[in-house]
Structures are given as structure tokens and as C-alpha cells.
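Good morning, and thank you for coming. Please look at the sequence and the structure on the screen while I take you through them.

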Amino acid sequence: SRTAAAAPYEEGRKPNPRRLLYLLNNADRDEVCRLHRQWRDRFSPTHLSCAWTVLGRSLASEPAAARTRWIEQRREALDALGAATLASFGASYGHRELANTLAGLAKVYGGGHGAPSHRQEARRLLSAAAPVAARLAGSMSPQEVASLVWAFSRLLFRAAALFDAAAERSLELLAAGGKGVEGV
């Protein structure tokens with residue numbers, strides 16, 4: 001089914017970054033894959049974060065068999081999205097973008113869904129994201145810290161430096177009572 005929001009990119013007009021974000025936020029999961037296929041060169045970390053968030057939100061309510069089937073049927077599209085995400089970790093990922101990207105990724109691949117190759121893809125992404133997450137964790141909001149820890153835990157990925165940084169940040173936030181701490 002075609003959505004009204006999808007029409008501009010199907011007509012061949014390049015969406016500006018804000019419009020692309022709008023299209024992603026209003027897309028279904030198949031539309032997210034089509035948007036990335038057509039406009040991958042225009043996807044910033046914010047767009048990648050939004051794509052994983054939409055996919056994760058959409059797939060979270062699916063029964064395990066349906067989720068696995070969808071993942072397998074979109075292997076090429078998800079691999080391309082994963083490759084773009086992997087390449088972007090060196091870019092200027094913000095706190096929220098990183099936390100949302102990883103939470104979406106965990107919703108898509110968490111709980112043993114998908115083929116072993118997709119779980120391997122998730123692990124590759126987490127391996128690349130772990131040092132970035134550990135570096136950023138010290139200035140994250142409570143929600144961002146919780147999302148990071150949840151994502152790595154959901155995917156059964158050990159990231160000692162990240163968990164140490166998240167624990168340290170959590171203690172700072174608790175001690176400050178949520179007041180006067182940068183990032184809150």
C-alpha cells in the first residue's frame with residue numbers, strides 16, 4: 001500500500017533532510033526499507049536512528065514467527081541499512097540518536113529473532129557502537145543510559161566499558177537527584 005507521505009520520493013524529487021525524517025516517521029516498515037534503498041545517500045545518523053526506531057516499534061508487536069519471516073524476506077534491505085549504520089558510527093552520532101538506534105536494533109533482532117546471520121549483523125553493529133556508547137554514556141540522560149543498557153542486554157552483548165560508564169553515569173544521576181547534572 002502506498003502512503004501519501006511516500007508520494008514525493010516516488011515522484012523522484014529528492015526530499016530535504018527534514019522531509020525525509022517526516023517520511024520515515026510516517027512510514028510502515030516496508031516503506032522504511034524503500035526509503036533507505038532510494039535515498040541512502042541522504043541518510044544521516046538521525047535518519048538511521050529513525051529508521052531503526054520505526055522498524056523496532058513495528059516489529060515489537062509481531063509474533064516471533066512473523067517477525068522472523070519479515071526479517072528473512074528483507075535480508076538485503078536490512079543488510080544495507082546495517083551497513084549504512086555501521087559506516088555512520090564514526091560520524092557525529094548524538095546521545096539520543098545512538099540510544100534510539102540501538103534500542104530499535106534490539107527490538108528488531110532481540111530475543112533470538114532472525115537467522116544467525118542477522119544476529120551476527122546485530123553483533124557487528126554493537127561491536128562498532130560499544131566504544132562510541134561508552135564515550136557518550138558519561139553525559140547521557142537517564143532515558144538514554146537505560147536504552148543503551150537495555151539494547152546491549154537484550155542482544156546478550158557484553159560491553160564492559162559501556163556498562164561501567166553507564167553505571168558511573170547512573171550513580172552521578174542518583175547523587176544529583178536529577179538536578180544540576182549536564183544532559184538531564
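Let us begin with helix α2, residues 17–25, and helix α3, residues 29–39, which pack at an angle of about 155° with their axes 9 Å apart. Please bear in mind that this is a predicted model. How are α2 and α3 oriented to each other? An angle over 145 degrees counts as roughly antiparallel, and α2 and α3 are therefore roughly antiparallel. Their crossing is left-handed. On the side of α2, the residues that take part are Leu20, Leu23 and Leu24, and they meet Val32, Leu35 and Trp39 in α3. Sorted by character, the residues of this contact are six nonpolar, no polar and no charged.

One of these residues deserves a further word. Tryptophan 39 has its place in helix α3. Is tryptophan 39 buried or exposed? The limit for burial is under 20% relative accessible area, and tryptophan 39 has a relative accessibility of 6%, so it counts as buried. Its C-alpha atom is separated by 8.5 Å from that of proline 15, although the two residues are 24 apart along the chain.

I now turn to a second pair of helices. Helix α4 covers residues 45–60 and helix α7 covers residues 95–109; their axes come within 7 Å and cross at roughly 35°. This crossing, of α4 and α7, is left-handed. From α4, the residues in the contact include Pro45, Leu48, Trp52, Leu55 and Leu59, while α7 contributes, among others, Arg96, Glu97, Leu105, Val108 and Tyr109. What is the character of the residues in the contact of α4 with α7? They divide into eight nonpolar, seven polar and four charged.

Let us step back to the whole chain. The protein chain has ten helices and zero strands, and along the sequence the pattern reads α-α-α-α-α-α-α-α-α-α. The chain has 184 residues, of which 46% count as buried. Consider next the contacts between residues at least 6 apart in sequence: 72% of them join residues at least 24 apart.

What of the cysteines? Cysteine 33 has a relative accessibility of 9% and therefore counts as buried. Cysteine 50 is buried as well, with a relative accessible area of 8%. A disulfide requires a pair of cysteine sulfur atoms within 2.5 Å, and by this rule the count comes to zero disulfides.

Next, a charged residue. Glutamate 121 is in helix α8, residues 116–137. Its relative accessible area is 8%, so glutamate 121 is buried. Leaving out residues up to four places away in sequence, glutamate 121 touches Asp79, Gly82 and Ala83.

We continue along the chain to methionine 140, which lies in the loop between α8 and α9. How accessible is methionine 140? Its relative accessibility is 0%, and therefore it counts as buried. The C-alpha atoms of methionine 140 and alanine 166 are separated by 8.8 Å, and these residues are 26 apart along the chain.

Glutamine 143 offers a contrasting case. It lies in helix α9, residues 142–154. With a relative accessibility of 55%, glutamine 143 is above the limit of 50% for exposed residues, so it counts as exposed. The C-alpha atom of glutamine 143 is 8.9 Å from that of arginine 96, a residue 47 places away along the chain.

Finally, let us examine two neighbours in the loop between α9 and α10. Leucine 155 lies in that loop. At 13% relative accessibility, leucine 155 counts as buried. Neighbours within four places in sequence aside, leucine 155 is in contact with Leu105, Ala106, Tyr109, Gly110, Ala122, Arg123 and Leu126. The C-alpha atoms of leucine 155 and arginine 119, which are 36 residues apart along the chain, are separated by 8.3 Å.

Leucine 156 is found in the loop between α9 and α10, where α10 spans 160–176. Is leucine 156 buried or exposed? Its relative accessibility is 71%, so leucine 156 counts as exposed. Its backbone also calls for comment. Most residues other than glycine have a negative phi. Leucine 156 is not a glycine, yet it has a positive phi of about 50°.

To close, I return to the overall picture: a predicted model of a protein chain with ten helices and zero strands. Thank you for your attention.

Methods
Residues numbered from 1 in each chain as written. Predicted model: local features only at pLDDT ≥ 70, side-chain atom pairs only at ≥ 80, totals over all residues. Heavy atoms only, no water. Helix = DSSP H or I, 4+ residues; strand = E, 2+ residues; numbered from the N terminus. Buried < 20%, exposed > 50% of the residue type's maximum accessible area, 1.4 Å probe, protein only. Axes fitted to C-alpha atoms, helices over the stretch in contact; angles between N-to-C directions. Parallel < 35°, antiparallel > 145°, perpendicular 65-115°, else oblique. Left-handed = near helix turned anticlockwise from the far one by under 90°. Contact = heavy atoms within 4.5 Å. Nonpolar A, V, L, I, M, F, W, Y, C, P; charged D, E, K, R; others polar.
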